[in-house]
Amino acid sequence: MEYHQLSSSQQDPVLLKSIRSIYEQAFPPDERREFCEVLRIAEQEQAFHVDIYTQNGETIGFITHWNFEDFIYVEHFAVDEKTRGKGYGKVILENLLTQSSLPLILEVEPPEDEICKRRIRFYENIGFVLFSAPYLQPPYSPGKNPVSLLLMSFGLINMEVSFNKIVRILHQKVYNYQG
């Protein structure tokens, strides 16, 4: 599997089209930005990264993340539906885990159906811990709705102590929400 980091100087239109397709298929509108906004942020925000994974010229998946001082926040992570269940997601996530000693934080939907429960188990099998405090993801843009989610963490971080600080950073820096 090959790893590529999206950069403003190197934007392959075919690769971008495949990432956009995976992104829009994997996340409902309230849980994602417009794709042009992802590209804009990738160009303008030094802390924001889009890592793309391919194999034999085919896009396998991607992971977007924000590198903050005390933690890395995984904003979006998806594997193409044609390659799900083959272990690629674990490899992609473990690659990010080996790039830094900082804790990782990500959002998940509450375990209200089997798909959400499976997703949480996937992360738990890698070593993430579910934090049960309610968390509200602010709307990505006007006209979109906030989403009730939960946070999961990986690494040395005390969520009981750090939860409010993490939420404040996510709301301000990722969602541009001051509420």
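Here are some numbered notes on this predicted model, going from the overall fold to single residues.

1. Let's start with the layout. The protein has five helices and seven strands. Read from the N terminus, the order of the elements is β-α-α-β-β-β-α-β-α-β-β-α.

2. Next, the overall dimensions. For 179 residues, a compact globule would be expected to have a radius of gyration near 16 Å, and the protein agrees with this because its own value is 16 Å. The C-alpha trace extends over about 45 × 35 × 30 Å along the principal axes. Among contacts with a separation of 6 or more, 61% join residues that are 24 or more positions apart.

3. A few words on inside and outside. Buried residues make up 46% of the 179 in the protein. The accessible surface is about 9800 Å², and carbon and sulfur atoms contribute 48% of that area. As for charge, there are 17 positive and 24 negative side chains, with the centres of the two sets 2 Å apart.

4. You may enjoy the aromatic residues here. The whole structure contains 14 aromatic pairs. One of them joins tyrosine 23 and phenylalanine 35, a tilted pair with 5.8 Å between the ring centres and 55° between the planes. Because tyrosine 23 sits in helix α1 (residues 13-26) and phenylalanine 35 in helix α2 (residues 35-44), this pair ties together parts that lie twelve residues apart in sequence. Both tyrosine 23 and phenylalanine 35 are buried.

5. Another pair is worth a look. Tryptophan 66 and phenylalanine 68 are stacked, because their planes meet at 10°, with the ring centres 6.0 Å apart. Tryptophan 66 is buried at 2% relative accessibility, and phenylalanine 68 is buried at 11%. Elsewhere, Phe77, Phe122, Tyr123, Phe128 and Phe154 make up one aromatic cluster.

6. Helix α3 deserves a point of its own. Within this helix (residues 88-98), the buried residues are Tyr88, Gly89, Ile92, Leu93, Leu96 and Leu97. In an α-helix there are 3.6 residues a turn, so residues three or four places apart point the same way. What lies over the buried residues of α3? The cover includes strands β2, β3, β4 (72-79), β5 (104-108) and β7 (147-154), along with helix α4 (114-126).

7. Now for tyrosine 73, which belongs to strand β4. Is tyrosine 73 buried or exposed? Tyrosine 73 is buried, because its relative accessible area is 0%, under the 20% cut-off. Beyond its neighbours within four places in sequence, tyrosine 73 has contacts with Thr64, His65, Trp66, Phe68, Ile105, Leu106, Glu107, Leu170, Val174 and Tyr175. So this list includes Trp66 and Phe68, the two members of the stacked pair in point 5. Tyrosine 73 and leucine 102 are 29 residues apart along the chain, with 10.0 Å between their C-alpha atoms.

8. Two further residues are handy for tracing contacts. Serine 148 is part of strand β7, and leaving out residues up to four places away in sequence, serine 148 touches Pro110, Tyr135 and Leu136. From serine 148 to glutamate 107 there are 41 residues in sequence, and 9.7 Å in space from C-alpha to C-alpha. Cysteine 116 is located in helix α4 and is buried, at 6% relative accessibility. With residues up to four places away in sequence left out, cysteine 116 touches Glu109, Pro110 and Pro111. Pro110 is thus touched by serine 148 and by cysteine 116. The C-alpha atoms of cysteine 116 and tyrosine 177 are 26 Å apart, with their positions 61 residues apart along the chain.

9. Finally, a look at backbone angles. Most residues other than glycine have a negative phi. Which phi does asparagine 56 have? Asparagine 56 has a positive phi of about 55°, although it is not a glycine. Asparagine 56 lies in the loop between β2 (48-55) and β3 (58-67) and is exposed, at 73% relative accessibility. Asparagine 176 also is not a glycine, and has a positive phi of about 50°. Asparagine 176 is found in the segment after α5 (159-174), where it is exposed with a relative accessible area of 63%.

Terms used: Residues numbered from 1 in each chain as written. Predicted model: local features only at pLDDT ≥ 70, side-chain atom pairs only at ≥ 80, totals over all residues. Heavy atoms only, no water. Helix = DSSP H or I, 4+ residues; strand = E, 2+ residues; numbered from the N terminus. Rg over C-alpha atoms; globule rule 2.2 N^0.38 Å. Buried < 20%, exposed > 50% of the residue type's maximum accessible area, 1.4 Å probe, protein only. Contact = heavy atoms within 4.5 Å. Areas by Shrake-Rupley, 256 points an atom, 1.4 Å probe, with all protein chains shown as cover. Lys, Arg positive; Asp, Glu negative; His and termini not counted. Charge placed at Lys NZ, Arg CZ, Asp CG, Glu CD. Phe/Tyr/Trp six-rings, centres within 6.5 Å; stacked < 30°, edge-to-face > 60°.
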